[in-house]
Amino acid sequence: MVLAWTIADIRYRFRIKVAPLPLQSLTFVVVAAVGILTLLTDLWRTEQWLVPRGNILTPGIWQAILGSIYLFMFLTWAWFAFIRPPVYGRMNAKRYAQALYRAIINGSPSELAVISDELAHSVKSLIRYATDRVAFKNFSGNDEDNSDPTEKSTDYANDILLLIADKRFCRAIVESSPGTALTLFNEIGESKKYGVQVGIFAKNIMNEAIANRDSFLFHEAEGYESGLIGYHKPLSQAMFLNYRMVETIETLLEPDIWKMGEWDAAQWKAYCRVVLMTFRDYAENDFWDHSYVLYRAKGYIERAVFDLYKINGVANSVWDNDVQNKLRVIIEFIKDAVEILDKKEVPEHLLLRVRDKHRVGNFYDHLASMIFEIIFSASAVRSPVDLCWWVQHNSVWGKLFNFNALDGPAAKIVKFKVRRLIYNEISDMKRFPNPKGAKILGFCLNVMGLTVRDEDKNYNRDTRALQKAVLSWTRKHFAWLHIYNPDMAKACLVDGITYDPEQLKIVKTCPAGGLRREPLYIYFNVDPPSIDEVN
């Protein structure tokens, strides 16, 4: 029966290998001893050799002793194999680490799926024995021969937490045993041992979950999509809801930079969702501490729309292609992040203008910088006219500025900082004409227009001051820019907007179509360059 158990299922073989007692070798010794003694007993009886006198050890008692030993061994196997699976501890630390090491080295997906589920029984013990990074000394590779079983179990626990970071094992956990990850991160959160060696494990779990569209990150979406699991989000909350844990682990929001460029809109949506969970706890409890984790996550999210240039000039680009879908996901992320800040009272000492470029700033500044970079990415879509307008105005500008979008107290601060970033970039064109400033200027001329609509003050109240400042700069310096650097001047104009150097006019052409039977031309006069500028 024991042989059948060990051959039939990796689960029971693993349990026997990691039992507190060396059951395999002990069973061999016991079975061999019982068998030999049984044979000797039969031989003794057959040959009628002398036996000790008395009633202390009768043949019946002798047979009962041998049978009891055999039965005890059988029940011990059944206990550890079925009734009470062994957990990691001082008695089996070395055997547990060795058995897990061999299983991961073999890399069989079917075996790893079973072992990952078995690991859940020992998670609490592993975290209890593992050391925090702050107290982490002489981890692996110390030269001292330490025989203390408690310290040895601590060393093995630390090694195991590094061992389970193997990508194949993380993939098995995501696919077959997410409960193991749930137990592990719950235990870390409850024990507040945020410094245990789970950094690589956490990073690989997150990346494998995003790569697998059937993982918990996609099922723990919203209640109206996933039912009760969508409302509770058990694993997502265990991993990402505790900002202090995420910040200490450092890698929970760290995507694989080699695969991040292959993510589609659905994967970026899942990533943004967990970043928002961490950001919400950060805003409530640790807002004035600089968050390295969230700052890096912001940078990764910005990169999601760096490929907008790919649809530039594509005449038949559909509105729901993946590039534009990613842009919509990022815009929604920004709106949700600003909404979180809106629920937090704006501090009185908050600086609206940060003149020191080397100052780190807070998340009002970071979100403003993020919007600015999204605008720059969108400015790469310059033609055709309809696509340019759809991306720049409808997908970005209209969602963030026009039609009273983002109208809360925090949103107003963020938009103020965005306007300042935009104007600073444009005004710097006088000192150093550059492609980035040129594209930002072209974006502004396109989405805000060449004329100020003073009659409808509610239409563009967030951007009227910026529009006037941009048009004023353009009127004063565009003719000079066209002479000084024609390429930069050309980069300031998207499809449908041209410059007439003879008439000193920028012309926007609205083509005929729909209710418009003839093209509409909008003219904007610019000032001639001064003698000093020409020279």
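Across the whole structure, a search finds 17 aromatic pairs. The model examined here is a predicted one. A pair of aromatic rings is described by the distance of the centres and the angle of the planes.

One such pair joins Tyr-282 and Phe-287, whose ring centres are 5.7 Å apart. Their planes meet at 45°, and the pair is therefore tilted, since only angles over 60 degrees count as edge-to-face and those under 30 as stacked. Both Tyr-282 and Phe-287 are buried.

Phe-287 also pairs with Tyr-364, with the ring centres 5.7 Å apart. Here the planes stand at 80°, so this pair is edge-to-face. Phe-287 belongs to the loop between α17 (265-285) and α18 (292-303), whereas Tyr-364 belongs to helix α20 (residues 363-378). The pair therefore ties together parts that are 77 residues apart in sequence. Phe-287 has a relative accessible area of 4% and is therefore buried. For Tyr-364 the relative accessible area is 0%, so this residue is buried as well.

These residues belong to a wider arrangement. Tyr-282, Phe-287 and Tyr-364 form one aromatic cluster together with Tyr-243, Phe-279 and Phe-363.

Aromatic rings in this model are also met by charged side chains. Lys-436 is placed over the face of Phe-376, at 5.2 Å from the ring centre. In the case of Tyr-523, the charged end of Lys-505 sits over the ring, 5.2 Å from its centre.

Note on methods
Residues numbered from 1 in each chain as written. Predicted model: local features only at pLDDT ≥ 70, side-chain atom pairs only at ≥ 80, totals over all residues. Heavy atoms only, no water. Phe/Tyr/Trp six-rings, centres within 6.5 Å; stacked < 30°, edge-to-face > 60°. Buried < 20%, exposed > 50% of the residue type's maximum accessible area, 1.4 Å probe, protein only. Helix = DSSP H or I, 4+ residues; strand = E, 2+ residues; numbered from the N terminus. Lys NZ or Arg CZ within 6 Å of the ring centre and 35° of its normal.
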